[in-house]
2 protein chains.
Amino acid sequence: MISEKKEYIRLIDGEGGRATSRLIEDVFVRRFRNEFLAPLGDAAIADFHGARIAFTTDAFVVEPRIFPGGDIGKLAVCGTVNDLAAAGAKPLMLSAAFVLEEGFDRTELAGFTESMALAAKEAGVPIACGDTKVVHRGKADGVFITTSGIGEVVPTCAPTAGMILPGDIIAVSGDIARHAASIVAIREGLHTDPQIESDCSPLWGMVEGALEAVPEIHAMRDPTRGGLGGVLTELAAQSRSRFIVEESTIPISQQVANICDLYGYDPLFMACEGRMVFIFPEIFRDELLGAVGANPYGKGIAVIGRVEAGEGVVIETKSGGRRLLVEPEGAPLPRIC
Amino acid sequence: MISEKKEYIRLIDGEGGRATSRLIEDVFVRRFRNEFLAPLGDAAIADFHGARIAFTTDAFVVEPRIFPGGDIGKLAVCGTVNDLAAAGAKPLMLSAAFVLEEGFDRTELAGFTESMALAAKEAGVPIACGDTKVVHRGKADGVFITTSGIGEVVPTCAPTAGMILPGDIIAVSGDIARHAASIVAIREGLHTDPQIESDCSPLWGMVEGALEAVPEIHAMRDPTRGGLGGVLTELAAQSRSRFIVEESTIPISQQVANICDLYGYDPLFMACEGRMVFIFPEIFRDELLGAVGANPYGKGIAVIGRVEAGEGVVIETKSGGRRLLVEPEGAPLPRIC
């Protein structure tokens, strides 16, 4: 038994910032260490009979369970489909495990399974196995859903942070921070017109198109918990390179920007649930933007930066300054997904 | 949207009896219906590049989290390894998703991950990916762990209920009801000497030996929630055959039998977490008993019955009578796993 300081789990440990990274490193990776966990991507990849399998899991505890643009069921399917997509893997099968609180409304549960079935159908993947547990009233919060997924990595594709090179450019498939902003708006009882909708959507089709057009994509990552900023700082560190990001080119809706201003959130660290970050050689700029932009979920794609030798993520601000992007301990947004 | 009567989730819906089966059928299978879910075994099986992949998931909410013979971490790994084993699949990778309650002791969590790492090592399978979410104090009960697993089905093996034939015999790899009895003893503050230990253990090694000795095994199933009785009634129904079970041959320890008597539980419907039911042609009796009995977890193997044409599970009682085994709505044992 490795000794551990007496410490307690805090909300911030689950918010996808540095606190989460430390918890994962200290409590899990240190004990589970193996060749698959090491790359710490969104999915584990294993060779299997001449092909490659991607495997991933996510627990969903979002509160409220229903939000504009989705619900916990849709989110649970999209989250896992998108983690597979980020690994360049076509989703083959999903699993779904439910922890239900005694007294939870069966009709509401049925609505979530309906959402799951619809999202899975759109992504072309069956929900192939599952489990259900019930705990006493007050011992869970309605419903928690854990989905796992297996997929087949496209043969020509191996996007990992290690392939990122100076000269690459960085694009994001649409406006950021939308999912988190939609949750904040509901929690704060804010009535905007139009309502801010979460970007929650299954991205395999969009990614498949991108990989067909540009097999040379060097890295993909979906900026969920921890946001675009979290993905960029992580990929810059893993690839030992410097990312230069031009703030004015980062797509964000005025409504979302206003909500962030109002409540003091940095949109760079707020979750998306239907966006993908692509890092790839600049010569493929037109091909990638064309392929992603042709997909309904990729219409807002924008190039936001470039890769250089060095380290860290540098933001070129709208006012012409430069600042180093520092990942916070956690975004103050528990249960965003 | 399919309309649903206004109903609420009850504890009994999670106890692995008929209520659980109905919930799964009404709320999940009806919406997720696909070729993989249809057989409703412990794992989904898919063809992949000339081989077969098994995929399974389970959520663990056991209370208390630590019990004689194991803890929620060991249980989470064994449960998924054993579901793969029951599908004839060598475990390749596991995933682990944690829902943590704010304020949960990090040292206790580290102990569970230590248990997971040990059990995974014994089963020869890496914990390849994971996720962690934190919810507010009072919105979960310490820690819930969902594990999923993928495995490769042994080429010579395809045990499914459909292969069961009259003339087959039924064996169980050791004494039953031990896991549930150990949980009951703790909950009731019962001090027995020796303490009743859960049978919680990873069974892939035992099953691998059995499949090498007898490739013709027709069905395997681990009798967890719902117990031996649940597995037998399910397999009899799925195979459209009649199982004759001789009560006196069912292995059960005196201590466990006493606890069941004391609290009015039927041991036939109490969970095991380290046992496997084998159904196979009688001519392989010696080979199977020899192979399973050679494994430390299979020393208590016993033949308990036979398959005939007909339907239902018939118990030949110790007093010479016959009764039809009827699966209860649920065992009154919430959060047993």
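**Exercise 1. The axis between the two chains**

In this predicted model, A140(A) is the residue of chain A that comes closest to the rotation axis, its C-alpha lying at 2.1 Å. Work out which rotation superposes chain A on chain B, and what relation this rotation expresses.

*Solution.* Begin with the operation itself: chain A is superposed on chain B by a rotation of 180 degrees, with 0.0 Å of shift along the axis and an RMSD of 0.0 Å. That is the relation of a two-fold axis. The next step is to ask what this does to the contact surface, and here 100% of the contact residues of chain A recur in chain B, so that the same surface serves both copies.

**Exercise 2. The extent of the interface**

Find how many residues each chain gives to the contact, and state the area that is buried between chain A and chain B.

*Solution.* Take the residues first: 84 residues from chain A and 84 residues from chain B make up the contact. Then turn to the area, since the size of an interface is often given as the accessible area lost when the parts come together. Between chain A and chain B about 7600 Å² is buried, and carbon and sulfur atoms give 68% of this area. As a last step, look for the leading contributors on one side: I9(A), F55(A) and R106(A) supply 11% of the area that chain A buries against chain B, which is more than any other three residues supply.

**Exercise 3. Polar and charged pairs across the interface**

Count the salt bridges and the residue pairs in polar contact between chain A and chain B, and then describe which elements and which classes of residue form the side of chain A that touches chain B.

*Solution.* Side chains of opposite charge can pair when their charged atoms come close. Across the interface of chain A and chain B there are eight salt bridges. For a worked case, consider E7(A) and R106(B), whose closest N and O atoms are 3.6 Å apart; this distance is within the 4 Å limit for a salt bridge. The count of residue pairs in polar contact between the two chains is 30.

Now place the interface on the secondary structure. The elements of chain A that give two or more residues to this side include the helices α1 (18-32) and α3 (106-123), together with strands such as β1 (44-48) and β2 (51-60). The element that gives the most is β5(A), with ten residues. Sorted by class, the side of chain A that touches chain B has 44 nonpolar, 17 polar and 23 charged residues.

**Exercise 4. Two domains within one chain**

Describe how domain 1 of chain A and domain 2 of chain A meet, giving the area they bury and their contacts.

*Solution.* First set the bounds: domain 1 of chain A covers 42-153 and domain 2 covers 161-324, and their C-alpha centres lie 23 Å apart. In the contact, 24 residues of domain 1 meet 23 residues of domain 2. The two domains bury about 1900 Å² between them, with 64% of it on carbon and sulfur atoms. Next, examine the pairs: the count of salt bridges between these domains is zero, whereas seven residue pairs are in polar contact. On the side of domain 1 that touches domain 2, β3 (66-67), α2 (72-86), β5 and α3 of chain A each supply at least two residues, and α2(A) gives the most, with nine residues. By class, that side has 14 nonpolar, four polar and six charged residues.

**Exercise 5. A salt bridge and unusual backbone angles**

Locate the salt bridge of R275(A), and then find where cis peptide bonds and a positive phi occur.

*Solution.* Over all chains, the whole structure has 36 salt bridges. In one of them R275(A) pairs with D199(A), the closest N and O atoms being 3.8 Å apart. The two residues are 76 residues apart, with R275(A) in the loop between α7 (254-263) and β11 (277-281) and D199(A) in the loop between α4 (178-187) and α5 (204-213) of chain A.

For the backbone, recall that most residues other than glycine have a negative phi, and most peptide bonds are trans. In chain B, a cis peptide bond joins E63(B) and P64(B), with omega about 0 degrees, and P64(B) lies in the loop between β2 (51-60) and β3 (66-67). Another cis bond joins D193(B) and P194(B), where P194(B) belongs to the loop between α4 (178-187) and α5 (204-213) of chain B. Finally, R240(A) has a positive phi, near 50 degrees, and is found in the loop between α6 (227-239) and β10 (242-246) of chain A.

Note on methods:
Residues numbered from 1 in each chain as written. Chains lettered and ligands numbered in written order. Predicted model: local features only at pLDDT ≥ 70, side-chain atom pairs only at ≥ 80, totals over all residues. Heavy atoms only, no water. Contact = heavy atoms within 4.5 Å. Buried area = accessible area lost by both parts, 1.4 Å probe. Salt bridge = Lys/Arg side-chain N within 4 Å of Asp/Glu carboxyl O. Polar contact = N/O pair within 3.5 Å; in protein donor to acceptor, adjacent residues only side chain to side chain. Helix = DSSP H or I, 4+ residues; strand = E, 2+ residues; numbered from the N terminus. Nonpolar A, V, L, I, M, F, W, Y, C, P; charged D, E, K, R; others polar. Domains from an automatic or database assignment. Least-squares fit on C-alpha atoms with pLDDT ≥ 70 in both.
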